[in-house]
Amino acid sequence: MEPKILDYYPHVLRSYREIKGVADSQQWLFNRLWAAAERVFENQFVETMDDMGLTRWERIWTIVNKKDTFLNII
């Protein structure tokens with residue numbers, strides 16, 4: 001569940017129609033940023049890494065995949 005940007009506004013301002021409109025118009029960007037932050041966090045751990053995270057760590061540790069070897073996943 002992605003949080004709503006309106007929850008980060010002060011309680012005093014949440015009831016104003018204009019503030020709700022601004023928050024609603026920026027919600028799509030907030031959702032994208034939240035998903036990107038979650039992806040960065042998950043790529044820090046081996047169990048939750050995706051292809052981008054694995055490729056990054058392979059580059060950092062200079063792990064080279066040989067063409068004739070395969071990774072056996074059990």
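In which segment does T62 lie? T62 lies in the segment after helix 2, the helix formed by residues 51-60. The legends below describe a predicted model, beginning with the whole protein and ending with T62.

**Figure 1. Overall form of the predicted model of the protein, with 2 helices and 0 strands**. Along the principal axes, the C-alpha atoms occupy a box of roughly 65 × 20 × 15 Å. The radius of gyration of the protein is 20 Å, whereas a compact globule of 74 residues would have a value near 11 Å. Of the 74 residues, 12% count as buried. The accessible surface amounts to about 7100 Å², and carbon and sulfur atoms contribute 62% of it. Among contacts between residues at least 6 apart in sequence, 24% join residues that are at least 24 apart.

**Figure 2. Helix 1, residues 17-42, with its bend at Q27**. The helix contains 26 residues, and at 1.5 Å a residue it should span 38 Å; its end C-alpha atoms are 36 Å apart, so the two values agree. Helix 1 nevertheless bends by about 45° at Q27. The buried residues of this helix are A23, Q27 and F30.

**Figure 3. Close-up of Q27 and its contacts with P3, K4 and I5**. Q27 has its place in helix 1, where the helix bends by about 45°. Its relative accessibility is 18%, and Q27 therefore counts as buried, the cut-off being under 20%. Two polar contacts involve the side chain of Q27. In one, a polar atom of that side chain lies 3.2 Å from the backbone oxygen of P3. In the other, the side chain reaches the backbone nitrogen of I5 at 3.0 Å. When neighbours within four places in sequence are left aside, Q27 is in contact with P3, K4 and I5.

**Figure 4. Y16 and V40, viewed as a pair of positions along the chain**. Y16 is placed in the segment before helix 1. With a relative accessible area of 44%, Y16 is partly exposed. Y16 and V40 are 24 residues apart along the chain, and a distance of 34 Å separates their C-alpha atoms.

**Figure 5. Close-up of N43 in the loop between helix 1 and helix 2**. How is N43 placed, buried or exposed? N43 counts as buried, because its relative accessibility is 4% and the cut-off for a buried residue is under 20%. A polar atom of the N43 side chain lies 3.1 Å from the backbone nitrogen of D50. Apart from neighbours within four places in sequence, the residues in contact with N43 are T48, M49, D50, M52, G53 and W57. D50 thus appears both in this set of contacts and in the polar contact made by the N43 side chain.

**Figure 6. Close-up of T62 in the segment after helix 2**. T62 has a phi near 50°, a positive value in a residue other than glycine. Most residues other than glycine have a negative phi. The relative accessible area of T62 is 65%, so this residue is exposed, the cut-off for that class being over 50%.

Note on methods:
Residues numbered from 1 in each chain as written. Predicted model: local features only at pLDDT ≥ 70, side-chain atom pairs only at ≥ 80, totals over all residues. Heavy atoms only, no water. Helix = DSSP H or I, 4+ residues; strand = E, 2+ residues; numbered from the N terminus. Buried < 20%, exposed > 50% of the residue type's maximum accessible area, 1.4 Å probe, protein only. Polar contact = N/O pair within 3.5 Å; in protein donor to acceptor, adjacent residues only side chain to side chain. Contact = heavy atoms within 4.5 Å. Expected span 1.5 Å × (residues − 1). Bend = angle between axes of the 7 residues up to and from the residue. Rg over C-alpha atoms; globule rule 2.2 N^0.38 Å. Areas by Shrake-Rupley, 256 points an atom, 1.4 Å probe, with all protein chains shown as cover.
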